[in-house]
Amino acid sequence: MGFRLKRRHMIDFLFPIALFFVFALSALALILLAAGIYQSTTETSSLQYTARTGLAYIGEKIHQNDENGAVYLDRFDGYEALVLDQEYDGASYHTYIYICEGELKELFIRDGVEAGAEDGRTILEVQMFSMEQVSDSVFRFECTDKDEKRSSALIGVRSRTELD
């Protein structure tokens, strides 16, 4: 009986190595592509975050204080402001939301206490912010953030606002 000796060819060695490198390069390309998509998505999301978040914050504050005549536009320390009136333990308080020096600010203060616009807490930096009362129960807000992304919102109150 004759034993047949198996001859090894160079291709038997190169094929698995070539297959490994093709797999490794494909995996690397997929990871780089996914990282690029993720980066693009997070950048877009963060750019749209500022203006929309400011409007969502204002909408939530309005809905929290939605009582008869408790939500209105007025002036505070020379700035146009959204005013939210509240009563706690028999005392009247005001929340002012306004723009001062490129910042959307909020100031919560007891009625009769002196305060200036610079005393408010900064909510976010904005380039432009406008407020308008469209009807007795609807407010329009427009916000342009520092990255020039613009958002607007119409926010309604369920209680009837009394106009002077």
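**Burial, rings and overall layout**

Q: Is Gly59 buried or exposed?
A: In this predicted model, Gly59 has a relative accessibility of 8%. The cut-off for burial is under 20%, so at 8% Gly59 counts as buried.

Q: Which helix does Gly59 lie in?
A: The chain has one helix to choose from, alongside seven strands. That helix covers residues 10–64, and Gly59 lies in helix 1.

Q: How many Å apart in space are Gly59 and Tyr88, C-alpha to C-alpha?
A: Start with the sequence: Gly59 and Tyr88 are 29 residues apart there. In space, going from C-alpha to C-alpha, the separation of Gly59 and Tyr88 is 21 Å.

Q: In what order do the elements of the chain run from the N terminus on?
A: The tally for the chain is one helix and seven strands. Reading on from the N terminus, the order is α-β-β-β-β-β-β-β.

Q: What is the radius of gyration of the chain, next to the 15 Å of the globule rule?
A: For 164 residues the globule rule gives 15 Å, and the chain is well over that, so it is more spread out than a compact globule. The box that its C-alpha atoms fill is roughly 115 × 30 × 30 Å along the principal axes. As for the radius of gyration of the chain, the value is 30 Å.

Q: What share of the 164 residues of the chain counts as buried?
A: On the surface side, the chain exposes about 11700 Å², with 54% of that supplied by carbon and sulfur atoms. Burial means under 20% relative accessible area. Among the 164 residues, the buried share is 30%.

Q: How far apart do the centres of the positive and negative side chains lie?
A: The chain carries 16 positive and 27 negative side chains. Take the centre of each set, and the two lie apart by 22 Å.

Q: Is the pair of Phe20 and Phe21 stacked or edge-to-face?
A: This is one of nine aromatic pairs in the structure. The ring centres of Phe20 and Phe21 sit 5.7 Å apart and the planes are at 65°, so the pair is edge-to-face.

Q: Is Phe20 buried or exposed?
A: Phe21, its ring partner, is partly exposed at a relative accessible area of 49%. The cut-off for exposed is over 50%. Phe20 comes in at 52% relative accessibility, so it counts as exposed.

Q: Is the pair of Phe139 and Phe141 stacked or edge-to-face?
A: Phe139 is buried at 0% relative accessibility, and Phe141 is buried at 0% too. Their ring centres are 6.2 Å apart with the planes at 25°. Planes under 30 degrees apart count as stacked, so the pair of Phe139 and Phe141 is stacked.

Q: Which residues of the aromatic cluster with Phe76 and Tyr79 does Lys105 touch?
A: Lys105 is in strand 4, residues 103–110, and is buried with a relative accessible area of 8%. The cluster is made up of Phe76, Tyr79, Tyr96 and Tyr98. Contacts of Lys105 beyond four places in sequence include Ile97, Cys100 and Glu118, and, from the cluster, Tyr96 and Tyr98.

Q: Which residues is Arg110 in contact with, leaving aside its neighbours within four places in sequence?
A: Arg110 also has its place in strand 4, and is partly exposed with a relative accessible area of 45%. Leu84, 26 residues away in sequence, lies 12 Å from Arg110, C-alpha to C-alpha. Setting the sequence neighbours aside, the contacts of Arg110 are Ala91, Ser92 and Tyr93.

How values were computed:
Residues numbered from 1 in each chain as written. Predicted model: local features only at pLDDT ≥ 70, side-chain atom pairs only at ≥ 80, totals over all residues. Heavy atoms only, no water. Helix = DSSP H or I, 4+ residues; strand = E, 2+ residues; numbered from the N terminus. Rg over C-alpha atoms; globule rule 2.2 N^0.38 Å. Buried < 20%, exposed > 50% of the residue type's maximum accessible area, 1.4 Å probe, protein only. Areas by Shrake-Rupley, 256 points an atom, 1.4 Å probe, with all protein chains shown as cover. Lys, Arg positive; Asp, Glu negative; His and termini not counted. Charge placed at Lys NZ, Arg CZ, Asp CG, Glu CD. Phe/Tyr/Trp six-rings, centres within 6.5 Å; stacked < 30°, edge-to-face > 60°. Contact = heavy atoms within 4.5 Å.
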